[in-house]
Amino acid sequence: NRSFKGKILSFLFLLFYFYQLWILLHIILWTMANPECDAILVVGSKNSSNSNRLREVAERTGTKAWLIDTATDIDPTWLTGIRCIGITAGASAPEILVEGVQARLRELGVTQIEILAGVEENIQFALPVALR
C-alpha cells in the first residue's frame, strides 16, 4: 500500500531528524564537558551525513575538527599546538577504525589517551515488514 509506505518513510525521516538532533546535543555537551580539547577528529565517511554533522557541530562550537576515513588521513601538522584532541565517530564507523586512530596518534607522539564514559548505544531498528 503506497500510503502506508509513505507514512513509514515519513516516520523514518522524522526518526533520522531526531537522531541528528541527538548528535548535535551530544557534541555540544561533550565539548562543554571537555573544554580543554582543542580539536576533534571525526572518524567516518566523507559521504556520511551523520559524520559530516558531527564535524560541523564541533566547528560551530569553535573547535577545530577534521573528518577522516582512516588513521592514515591524519595530517601530523594538525597536532601542532594542540594540547588535547577528542575522537568521535559516525554511527556506522567500525570500532577498529577508532582504534587505528588512537594507534596513529600514539605514533605521532600522543602520550596519554583517556577513554571517557559516554552513552552506551545498542539500539537496533528493524525494517518495517511492509518494506522488507
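## A tour from Ser48 to the aromatic pair

Begin by selecting Ser48, which counts as buried because its relative accessibility is 14%, where buried means under 20% relative accessible area, exposed over 50% and partly exposed in between (1.4 Å probe, protein chains only). The model on screen is predicted, so local features need pLDDT of at least 70 and side-chain atom pairs count only at pLDDT 80 or more, while totals for chains, interfaces and linings use all residues. Residues are numbered from 1 along each chain as its sequence is written, and side-chain values use heavy atoms, with hydrogens and water left out.

Ser48 sits in the loop between β1 and α2; helices (H or I, at least four residues) and strands (E, at least two) are DSSP runs, numbered from the N terminus. Add Ala93 to the selection: although 45 residues separate Ser48 and Ala93 along the chain, their C-alpha atoms are 9.8 Å apart.

**The whole chain**

Now zoom out and colour by secondary structure. The protein chain contains three helices and three strands, and from the N terminus on its elements follow the order α-β-α-β-β-α. Of the 132 residues in the protein chain, 33% are buried. The accessible surface is about 8,900 Å², with 58% of it belonging to carbon and sulfur atoms, these areas coming from the Shrake-Rupley method with a 1.4 Å probe, and for residues only the protein chains shown count as cover. If you compute a contact map (contact means heavy atoms within 4.5 Å), then among the contacts in the protein chain with a separation of 6 or more, 72% are between residues 24 or more positions apart.

**Strand β1 and its partners**

Select residues 39–43, which form strand β1. Five of the five residues of β1 are buried, so the strand is largely enclosed by the rest of the structure. In a regular strand the side chains alternate between the two faces of the sheet. Here both faces of β1 are covered, with Ala39, Leu41 and Val43 buried on one side and Ile40 and Val42 buried on the other.

Next show the backbone of β2 (residues 64–68) beside β1. Strands β1 and β2 pair in the parallel sense over five bridges, two strands counting as paired if DSSP finds at least two bridges between them. Ala39 stands opposite Lys64, and Ile40 stands opposite Ala65. To follow the connection, trace the chain from β1 through helix α2 (residues 49–60) to β2, a β-α-β crossover that is right-handed; that is, with the strands pointing away from the viewer, the path from the first strand over the helix to the second runs clockwise. Four of the five residues of β2 are buried, so this strand too is largely enclosed by the rest of the structure.

Then bring in β3 (85–89). Strands β1 and β3 run parallel and are joined by five bridges, and in this pairing Ile40 stands opposite Gly86.

**The nonpolar cores**

Which residues have the most contacts inside the largest nonpolar core? That core has 15 residues, and those with the most contacts inside it are Leu41, Ile68, Ile74, Ile85, Val101 and Leu105, a nonpolar core being a set of buried Ala, Val, Leu, Ile, Met, Phe, Trp, Tyr and Cys residues joined through side-chain atoms within 4.5 Å. At least two residues of this core come from each of β1, β2 and α3 (95–107). A second, separate core has six residues, including Ile40, Ala58, Ala65 and Leu67.

Centre the view on Leu41, a residue of strand β1 that is buried, with a relative accessible area of 1%. Leaving out residues up to four places away in sequence, the residues that Leu41 touches include Trp66, Ile74, Ile85, Thr88 and Leu105. Moving to Ile68, and leaving out residues up to four places away in sequence, you will find among its contacts Val43, Lys46, Asp73 and Trp78.

For a contrast in exposure, select Ala103 in helix α3, which is partly exposed, with a relative accessible area of 33%.

**Last stop: two tryptophans**

The structure holds one aromatic pair. The ring centres of Trp66 and Trp78 lie 4.6 Å apart and the planes make an angle of 5°, so the pair is stacked. Rings of Phe, Tyr and Trp (its six-membered ring) pair if their centres lie within 6.5 Å, and planes under 30 degrees apart count as stacked, over 60 as edge-to-face and the rest as tilted. Trp66 belongs to strand β2 and Trp78 to the loop between β2 and β3, so the pair ties together parts that are twelve residues apart in sequence. Trp66 itself counts as buried, at 18% relative accessibility.
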